[in-house]
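Trainee: Could you take me through this model and show me how its features are read? I would like the general idea each time, and then the case at hand.

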Amino acid sequence: MAEPPSRSHGRVAVRPTLRPRDLMAPPELAGAWTAQVITLFPEAFPGTLGLSLTGRALTEGLWSLRTIQLRDHGIGRHRNVDDTPAGGGAGMVIRPDVMAAALREAKAAAPDLPVVYLSPRGRPLTQGLARRLAQGPGVTLICGRFEGVDQRVLDAFDVTEISIGDYVLTGGEIAAQVLIDATVRLIPRVLGNQESLAEESFSHGLLEHPQYTKPAEWEGRRIPDVLLSGNHAAISRWRNDEAERLTKERRPDLWRAYRDGMDPNRRTQLSGASDQSRNHREHDEDQSR
């Protein structure tokens, strides 16, 4: 995005402050990865996505962000979007006709984007899943509220459900930002140093090794001598050994998959999906979206 022209006051040039909506309308590059977000709170975006590397990439048009206000498709003078659960129970459920109208708006703007609903009962978000999303044209995200979304509209639009963890949030906006951040950073040119992607956690099925920087000694704690040795082969071995040690200790599910030599294309399992799926089935009844 080109910077707005400055206004000169005497000798001081003052540039207007960029507002969130300015960040959401960059000069898009052809084929830029696109995130569409259906939400009751469009003011929540870009949020932290407008900062740092993702924010810079947004202003440069490396990816684009568009929000769809669910309330605009509400019913009646009060634009109601929800109603009581069929069969009784606490809370409210987003109506299928309201969500369908918002999804049709999203499809009209970007017909090729897959639709994802952020839900505790969904498949876990993993590095492998984020990588596959980054390789596509983008995604349309549904941010749930209340007790969730009528199942019929999820079925009708072939919506994929994705979870960022085994807990419940008040709404899907934060979860949507997590998914977008995890995905956008994998788009070429977003990170200044693409080589760092190869070394971070989950890139090879292991957690990342510990990191250190200057000073060499801090409050009696020294950087491991091998990292200061200049012996690159020894450093590489140390980092791999530490990655294996941490993975064994902290994520035995990842370690089992790594040890068994799982095909990298099937690494959706590496986040503990096999273990978590049982939990999702057992607790679906108690979790709201």
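## Reading the features of a predicted model

Mentor: Helices α4 and α6 are roughly perpendicular to each other, because angles of 65 to 115 degrees are counted that way. Please keep in mind throughout that this is a predicted model.

Trainee: At what angle do α4 and α6 pack, and how far apart are their axes?

Mentor: In general, a pair of packed helices is described by the angle between the two axes and by the distance between those axes. Here helix α4, residues 127-134, packs with α6 at an angle of about 70°, and the axes are 8 Å apart.

Trainee: Which residues of α4 and α6 meet?

Mentor: From α4 come A130, L133 and A134, and these meet L179, A182 and T183 of α6. The residues of this contact comprise 5 nonpolar and 1 polar, with no charged residue.

Trainee: How does the pair α8 and α9 pack?

Mentor: Helix α8 covers residues 232-250 and helix α9 covers residues 252-259; their axes come within 6 Å and cross at roughly 125°. The angle lies outside the ranges for roughly parallel, antiparallel or perpendicular, and α8 and α9 are therefore oblique to each other. On the α8 side the contact holds N240, E244, T247, K248 and R250, which meet P252, L254, W255 and Y258 in α9. By residue class, the contact of α8 with α9 divides into 4 nonpolar, 2 polar and 3 charged.

Trainee: What is the strand order of the open sheet?

Mentor: As a general idea, the strands of a sheet pair through backbone hydrogen bonds, and the pairing is either parallel or antiparallel. In this model an open sheet of 5 strands is ordered β4-β3-β8-β7-β9, and its pairing is parallel. The edges are taken by β4 (63-69) and β9 (160-163), each of which has a single partner strand, so one side of each is left without a neighbour in the sheet. From one strand to the next, the twist averages 35°.

Trainee: How many bridges join β3 to β8?

Mentor: Strand β3, residues 33-39, runs parallel to strand β8, residues 138-142, and 5 bridges join them. In one of these strands, β8, G138 is the bridge partner of T34.

Trainee: Which strands does helix α6 lie across?

Mentor: Helix α6, residues 173-184, lies across β3, β4, β7 (115-124), β8 and β9, and α6 runs at about 175° to β3.

Trainee: How many cavities of 30 Å³ or more does the structure hold?

Mentor: The structure holds 1 such cavity, and the volume of the largest cavity is about 130 Å³. Its lining is made by 14 residues, of which L118, S119, P120, L169 and A175 lie nearest the centre. Strands β7 and β9 each supply at least two residues of this lining, and β7 gives the most, with 3 residues. The lining divides into 8 nonpolar, 5 polar and 1 charged.

Trainee: Where are the cis peptide bonds, and which residue other than glycine has a positive phi?

Mentor: Generally, most peptide bonds are trans, and most residues other than glycine have a negative phi. One cis peptide bond joins F45 and P46, with omega about 5°, and P46 is found in the loop between β3 and α2 (52-59). Another cis peptide bond joins K214 and P215, again with omega about 5°, and P215 is found in the loop between α7 (196-199) and β10 (217-218). As for phi, S52 has a positive value near 55° although S52 is not a glycine, and the place of S52 is in helix α2.

Notes:
Residues numbered from 1 in each chain as written. Predicted model: local features only at pLDDT ≥ 70, side-chain atom pairs only at ≥ 80, totals over all residues. Heavy atoms only, no water. Pairing = 2+ DSSP bridges. Helix = DSSP H or I, 4+ residues; strand = E, 2+ residues; numbered from the N terminus. Axes fitted to C-alpha atoms, helices over the stretch in contact; angles between N-to-C directions. Contact = heavy atoms within 4.5 Å. 1 Å grid on protein atoms, 1.4 Å probe; cavity = no way out; pocket = protein on both sides within 12 Å on 5 of 7 lines; lining within 4 Å. Points joined across faces, edges and corners; volume = space filled by probe spheres on them. Nonpolar A, V, L, I, M, F, W, Y, C, P; charged D, E, K, R; others polar. Parallel < 35°, antiparallel > 145°, perpendicular 65-115°, else oblique.
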